[in-house]
Amino acid sequence: MLPSLVELKLQYCQLQVLPQSLPLGTNFPSLSVLDLSDNSFNAPIPQWLFNLTGLRELYLRWNFLHGPVPSEFARLKSLEILDLSNNLDFGGQIPGLFGNLLGVVLHNLQHLDLSSNRFWGSIPNSVGEKMSSLKHLDISYNNMNGSIPDSFGQLSALIDVNLVENSWVGVLKETHMVNLRSLENFKLTTDSSNHSLIFNVPVKWVPPFKLKSIQLENCIVGPSFPAWLQVQNQLTSVTLRNVGISDTIPGEWFSNLPSELTFLVLSSNQITGKLPSQQLKFPRLSTIDLSSNKFEGPLPMWSTNASILYLQDNKFSGSIPENFGKLMPRLQKVYLSQNQLVGEIPDCWYHSFMFWAIDVSNNSLTGKIPASFGSLRSLSILLLSSNRFDGEIPASLQNCTGLTSMDLGKNRFSGVLPSWIGTKFQSLFMLNLQLNSFSGPIFPQFCSLPNLHILDLSGNKFSGTVPKCLPNLTAMVEGRSGEVFEQLLLVAMKGRKMFRMAYFKEETKVVTKGRAYDYNRNLALLNVIDFSENNLSGPIPEEMTKLLSLRVLNLSSNHISGAIPEKIGDLKVLETLDLSHNQLSGEIPATLSSLTFLTHLIVSYNNFSGKIPAGRQLQTFDASSYQGNPFLCGFPSRVKCPTESITTTAPPTTGTEPEDEEDEIFELGTGLYVSIVLGFGFGFLGLCVTLLRKEFRKKDIEW
């Protein structure tokens with residue numbers, strides 16, 4: 001018996017046992033604050049807790065509590081704060097669990113946090129009808145898949161509401177917001193797969209609240225930019241992502257955004273128009289994301305300390321301002337891809353802050369790679385593809401030893417490839433140099449990249465032989481990079497998920513033969529070598545058959561001679577093999593038939609001879625895969641072998657098809673054309689790559 005105990009705080013005490021009963025006579029009649037949060041109880045809520053009828057504040061977050069939420073909470077009539085967040089296994093339909101508790105008893109409740117659990121269904125009417133004192137409501141990161149009731153609009157004391165990361169449905173009308181006169185922070189996001197929640201508010205309706213922050217994602221607010229948003233002139237954080245706005249940006253609203261603004265996201269809409277031409281000053285702004293809209297005109301001139309700038313996938317034109325780096329001295333990530341930018345990249349990238357990513361791909365930029373890029377020693381992502389850059393790779397770039405992705409494809413670069421790429425860039429995950437004019441040999445130093453998964457040197461003027469040292473690319477042998485590196489990739493692929501832990505976000509799109517395949521899981525399994533359309537000669541090294549995790553191998557359109565190594569069958573996970581347009585000879589190894597994941601094979605236009613090996617795999621390909629080999633015979637070609645007749649159908653097979661390995665096998669087609677499109681969360685590493693492959697010569701092959 002502790003009659004005078006008023007507050008008991010045991011958070012972060014590493015407690016692991018939560019007693020389900022107390023000794024007879026134990027009571028805390030004066031206890032008003034109980035905090036047991038951030039322990040590891042892994043138990044249900046005990047019944048003795050509900051004898052503490054004087055409690056005003058109860059904190060049970062992060063305790064791995066499980067089981068149903070007891071109805072006995074109704075005894076705690078004095079509760080003002082109830083925090084059950086982040087217990088993960090709490091769940092059920094809120095009306096079923098809290099109907100009486102919330103609607104009838106807890107009139108004094110001001111703060112209710114149910115976030116990061118497994119609640120589902122709708123918000124009960126009783127929340128709005130009876131909880132008149134509620135100021136803070138958090139049901140974020142649950143499985144809520146129902147509607148928000150009209151009575152929600154009666155919560156006149158409500159200041160903060162967080163409903164993100166659920167799957168809300170229905171229609172929000174004026175009645176849902178008409179009395180929210182105290183509202184300052186409003187966050188609501190739904191499932192991105194559909195726009196199941198619609199704001200049906202009169203275009204000219206003016207709300208009673210003045211917001212400080214708003215976050216709306218994956219719901220329908222547009223198509224017009226509604227007045228209830230335009231009148232918000234005290235905002236310090238704005239997120240309107242994928243909300244169906246296809247209106248012209250309200251110039252007055254944008255120009256009058258408070259200088260205290262810290263977060264500005266209007267991405268994935270169809271917003272048009274030009275941004276204000278005058279220099280805007282937002283000294284506290286950290287993130288700018290206007291990507292995937294239809295903004296036009298010159299790049300906006302902001303004077304800000306923002307670290308993240310996403311302007312990709314718009315119609316911005318003109319050049320990159322010479323004082324770009326001075327206006328935004330704290331930049332860490334710059335995404336300007338898929339616009340209409342021209343001119344040279346200014347040589348102004350000298351600053352001491354952590355700079356991680358530059359993406360200016362898919363524009364019409366010219367000139368050379370700025371030497372000042374070499375001062376960005378923390379640079380991880382460099383994407384310059386699909387422009388008109390020329391010259392050689394500057395020696396200063398070797399200072400960027402943290403590079404994980406370098407894409408210079410589809411430009412006019414030339415010269416011998418620096419051997420230091422293979423010694424300085426030990427973290428390199430992807431190197432794409434395709435469709436340039438690089439020349440000279442492929443140096444053995446390139447085999448010293450332990451984390452390399454994608455190597456595309458196609459469409460250049462490389463000469464010499466295929467290096468025998470390729471098995472030193474350990475990621476392509478073992479299938480994965482080092483544990484630490486892979487964990488960074490795993491975190492990265494979570495993107496803008498629950499805990500915002502991502503170093504970068506990425507989405508991979510594999511495009512081949514006119515078809516597109518999304519591949520956004522297990523990126524570390526994507527192992528590609530493409531040396532096609534160069535001047536390589538000599539044999540295929542036997543050592544290449546040691547790349548046991550290789551998925552795609554393209555050596556087409558070179559001068560490679562000799563036979564296919566007999567051990568080619570050791571590449572058990574190979575899915576695409578293109579050896580066409582070379583001078584290869586001899587018989588096709590029977591071991592190719594053992595490659596059960598091989599979905600695309602092209603050996604056309606060589607000097608192969610003999611019979612195409614029998615077996616289910618090789619005879620499932622079209623005859624065009626083998627054409628241009630006059631001494632090759634047997635099904636599926638139309639050339640008859642001695643002592644056999646030609647059939648027009650594949651021979652019967654036995655056995656069953658191998659099951660696909662879920663999340664490990666992706667589909668790639670002949671004539672690899674890979675495009676990797678990435679964005680960012682925040683952190684240290686990043687991966688934002690574009691691996692593009694040109695079309696095969698139509699005069700030789702008709703697909």
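Start with the whole chain in view: of the contacts in the protein with a separation of 6 or more, 60% are made by residues 24 or more positions apart; contact here means heavy atoms within 4.5 Å. What you have open is a predicted model, in which local features need pLDDT of at least 70 and side-chain atom pairs count only at pLDDT 80 or more, while totals for chains, interfaces and linings use all residues. Residues are numbered from 1 along each chain as its sequence is written, and side-chain values use heavy atoms, with hydrogens and water left out.

**The overall view**

Colour by secondary structure and you will find eight helices and 46 strands. These are DSSP runs numbered from the N terminus, with helices being H or I of at least four residues and strands E of at least two. Switch on the surface next: the accessible area comes to about 28600 Å², and carbon and sulfur atoms hold 50% of it. That area comes from the Shrake-Rupley method with a 1.4 Å probe, and for residues only the protein chains shown count as cover. Of the 703 residues, 55% count as buried. Buried means under 20% relative accessible area, exposed over 50%, and partly exposed in between, with a 1.4 Å probe and protein chains only.

**Stop one: N363 and its surroundings**

Select N363, in the loop between β25 (357–359) and β26 (364–367). N363 counts as buried because its relative accessible area is 8%. Show its polar contacts (pairs of N or O atoms within 3.5 Å; within protein, one must be able to donate a hydrogen and the other to accept it, and residues adjacent in sequence count only if both atoms are side-chain atoms). The N363 side chain reaches the backbone oxygen of L336 at 3.1 Å and the backbone nitrogen of L341 at 3.0 Å. Leaving aside residues up to four places away in sequence, N363 touches L336, S337, Q338, N339, Q340, L341, S386 and N387.

Two of those names lead onward. S386 sits in the loop between β27 (381–383) and β28 (388–391). Which sign does phi take at S386? It is positive, about 60°, although S386 is not a glycine. Most residues other than glycine have a negative phi. At a relative accessible area of 13%, S386 is buried. Now pick S385, in the loop between β27 and β28 as well; its relative accessibility is 0%, so S385 counts as buried. Draw a distance from S385 to S337: 48 residues separate them in sequence, and their C-alpha atoms are 9.2 Å apart.

**Stop two: T545**

Go to the loop between β38 (535–538) and β39 (552–554), where you will find T545. Is T545 buried or exposed? With 5% relative accessibility, T545 counts as buried. Its side chain reaches the backbone oxygen of E542 at 2.6 Å. Beyond four places in sequence, T545 touches P565, K567, I568, D570 and L571.

**Stop three: aromatic rings**

Show Phe, Tyr and Trp side chains; the structure holds 15 aromatic pairs. Rings, taking the six-membered one for Trp, pair if their centres lie within 6.5 Å; planes under 30 degrees apart count as stacked, over 60 as edge-to-face and the rest as tilted. In W253 and F254 the ring centres are 6.5 Å apart and the planes lie at 65°, so this pair is edge-to-face. Both W253 and F254 are buried. W420 and F425 form another edge-to-face pair, with centres 5.8 Å apart and planes at 85°; W420 and F425 are buried too. Add F225 and W302 to the selection, since ring pairs link F225, W253, F254 and W302 into a cluster.**Stop four: backbone details**

Select G222 and P223: the peptide bond between them is cis, with omega near 15°. P223 lies in the loop between β13 (213–217) and α3 (227–230). Another cis bond joins F635 and P636, with omega about 10°, and P636 belongs to the loop between β45 (631–633) and β46 (673–679). Most peptide bonds are trans. Then jump to Y12, in the loop between β1 (7–9) and β2 (33–35). Y12 is a residue other than glycine with a positive phi, near 55°, and it is exposed, with a relative accessible area of 60%.

**Last stop: the largest cavity**

How many cavities of 30 Å³ or more does a search of the whole structure find? The search finds five. A cavity is a set of points, on a 1 Å grid over the protein atoms alone, where a 1.4 Å probe fits but cannot get out; lining residues have an atom within 4 Å of a point. The largest has a volume of about 60 Å³, volume being the space filled by probe spheres set on the points, with grid points joined across faces, edges and corners. To see its lining, select I148, F152, L163, L172, H176, M177, L180, L183, F186, L188 and F199.

Technical notes
On a 1 Å grid over the protein atoms alone, a cavity is a set of points where a 1.4 Å probe fits but cannot get out, and a pocket is an open set with protein on both sides within 12 Å along at least five of seven lines; lining residues have an atom within 4 Å of a point.
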